[in-house]
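This report looks at charged side chains and at the place where two chains meet. Please have the sequence and the structure in view while reading.

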Amino acid sequence: MKTSRLWAWITFIVGAAYFLVPLLATFEFSLRIRRGTYSLDAYANVLSDPSFRASFTYSVVIGLFTIVVGVLIIVPTAYFVRLRMPALRPFVEFITLLPLVIPAIILVFGYIRLYNSTSILPFTGSAIGTDILLTLAYVTLALPYMYRAVDTGLRTIDVRTLTEAATILGANQAEILLRIILPNILIAVLSGAFLTFAIVIGEFTIASLLNRPAFGPYLQLVGANRAYEPAALAIISFIITWGAMSMIQLLSRFAPKTVARPD
Amino acid sequence: MTEEFLRLEGINKVFGTNKVVSDINMSFSKGEFISFLGPSGCGKTTILRMIAGFEQPTSGKIFVGGQDVTHLKPNERKLGMVFQAYALFPNLTVADNIGFGLKIARTPRDQAAARVEEMLAMIGLAKFGKRYPFELSGGQQQRVALARAIAPRPTMLLLDEPLSALDAKIRVSLREEIRSIQRELGITTIFVTHDQEEALSISDRIVVMNAGRAEQIGTPFEIYNRPATRFVATFVGTLNTLEGKVQNVADRVVSVDGQAITLPALPASAQSDAPISLTMRPEAVVLGKPNGQDVVLEGIVSDVSFLGSVIRLRVNLGSNSLSLDTFNDQRSPPPALNEKIKVSLSSSDILILN
């Protein structure tokens, strides 16, 4: 009993150190831009850089669009698969996992080939078209996380009976999705949304190869040309990602009423 | 009460190669409380789901109020339904749950609010409007589900084993409540259950189902006292079955474990020495031999169960045994175990099953 507890602590400390030591080292390094003294100048440099603001804003906007498009596609899909075509579930799950298996670089070369300016759908022919393509690419990248989050949410409610109960009361499919299903899986959808957001903020490959001014390429640019600022940026990125993750925790605590408790 | 309201015409339902409902032809009056009773898998829920519109009959038609609704979508049928699993919307308050159908029908807000208040009062949960379903007990949740089904003034109420998930005491009180609300509103109600006591206690008429077919349709009194088939007789209530032999066709005498019983009539197919099954309800058999009981049997008491107001005895006749219920009478204690006793019954209470 005692030894197993000791081992549990040792495992925990080793695991925590594995994650925390590089982070602390990076943080410490980011403070040493001035010789002989700690300062936050690297952070000030980063935050005052107009291209930081531009690229960050760009990625946030793309992230929000990605979430909206992703929710609009994935929630109805997961719902109908569960309700009408449960036999298709393994197949759909396999499809949603593909973005994890296919490297982003393959994806983006495929996109460029398919949607170049001479194709039927010349997305890459204009800046706004490329932005749309980037958003759709991010929806694909976020698919495994979003689908899984939504599907887990749907598992916690009795989709079929709730649908039937709402149907017999006169509701149509859109009303059921909007008034009953979505509110009941909102927490799951938001978890998926924040995961999506975290992915979009840090994504480099696709944004870079589509030549969009996103946050990922900016990180790379700064990392290649400066010494201390990249460390500060890494810490900032961490804070944003963690912020998104803790929002998931916070939200699930604030909305207990959507949880159906067993009798 | 005699106006035809719901008619099922030649309904069949096949799932793959499995025929779950066969040849259902029946009609019901407005305001009737109908129970579909049967073991699980007998097709009763499938019939309810076809009436609701969740399943399409493979063949046949469903008429409500003279109108063919067979191909209407469930959300166009204006029905109320209560599910076994309550199916309250977890994200909505009790009041919003009850008001959901009204909201979907775009009922003006003040009218809807008044109707919700009325429904809350009807189910005795007037102060629970702002609560969420998870804060209620099972019985309360099911009452909310009932109110939700009734609020939009449906043409018919469908109850899919609404009491099965509840514990015994609440089950009895809620079924009485459902029945009294149903009587007050005069709403035609279809109730699906596998519990014969439930069906007998609240129905105007019962449809006993077995293997996709309707075995018998009748009032609880008819179903219990004049079961049409062996299945109905054995499924509804307890039944004694005595295996005997025809002794004399002309005199209508049957022998059970060597004791002769003269019946009012024998089936036309009866032949001497052929085996025959006699059945009777436990309450048809009495201890001793009061007047008017023309069949007397002798046996040995093999079991005495004291059930409170009733004492159930098991009497061994030889190869057959027989249960009988007798009222608990303070002045005469029940017979002892292994005591030799006489029991009697009226030959008109004996049913011969094929």
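A residue is called buried when its relative accessible area is under 20%, exposed when that area is over 50%, and partly exposed in between. B:Arg7 has a relative accessible area of 27%, and therefore belongs to the partly exposed class. The model discussed here is a predicted one, and every value that follows is computed from it.

**Salt bridges within the chains**

Side chains of opposite charge can pair when their charged atoms come close. Over all chains, a search of the whole structure finds 23 such salt bridges, and the table sets out three of them, each between two residues of one chain.

| Pair | N to O distance | Relative accessible area |
|---|---|---|
| A:Glu28 and A:Arg32 | 3.2 Å | A:Glu28 28%, A:Arg32 39% |
| A:Arg226 and A:Glu229 | 3.1 Å | A:Arg226 46%, A:Glu229 7% |
| B:Arg7 and B:Glu9 | 2.2 Å | B:Arg7 27%, B:Glu9 31% |

In the pair from chain B, B:Glu9 is partly exposed at 31%, as is its partner B:Arg7 at 27%. A:Glu28 and A:Arg32 are likewise partly exposed, at 28% and 39%. The pair formed by A:Arg226 and A:Glu229 is mixed, since A:Arg226 is partly exposed at 46%, whereas A:Glu229, with a relative accessibility of 7%, is buried because that value lies under the 20% cut-off. Chain A also holds a network of salt bridges, in which A:Arg82, A:Arg89, A:Glu93, A:Asp151 and A:Arg155 are linked.

**Where chain A meets chain B**

The size of an interface is often given as the accessible area lost when the parts come together. For chain A and chain B this buried area is about 2,300 Å², with carbon and sulfur atoms giving 66% of it. The contact involves 23 residues of chain A and 28 residues of chain B.

How many salt bridges cross the interface of chain A and chain B? The rule finds two, and one of them joins the side chains of A:Glu175 and B:Arg106, with an N to O distance of 3.7 Å. Between the two chains there are also four residue pairs in polar contact, with both residues at pLDDT 80 or more. On the side of chain A that touches chain B, α7 (159–168) and α8 (173–184) each supply at least two residues, and the largest share, seven residues, comes from α7(A). By residue type, that side of chain A divides into eleven nonpolar, six polar and six charged residues.

Technical notes
Residues are numbered from 1 along each chain as its sequence is written. Chains are lettered from A and ligands numbered from 1 in the order in which they are written. This is a predicted model: local features need pLDDT of at least 70, side-chain atom pairs count only at pLDDT 80 or more; totals for chains, interfaces and linings use all residues. Side-chain values use heavy atoms; hydrogens and water are left out. Contact means heavy atoms within 4.5 Å. Buried area is the accessible area (1.4 Å probe) that two parts lose on being put together, summed over both. A salt bridge is a side-chain nitrogen of Lys or Arg within 4 Å of a carboxyl oxygen of Asp or Glu. A polar contact is a pair of N or O atoms within 3.5 Å; within protein, one must be able to donate a hydrogen and the other to accept it, and residues adjacent in sequence count only if both atoms are side-chain atoms. Helices (H or I, at least four residues) and strands (E, at least two) are DSSP runs, numbered from the N terminus. Ala, Val, Leu, Ile, Met, Phe, Trp, Tyr, Cys and Pro count as nonpolar, Asp, Glu, Lys and Arg as charged, and the others, Gly among them, as polar. Buried means under 20% relative accessible area, exposed over 50%, partly exposed in between (1.4 Å probe, protein chains only).
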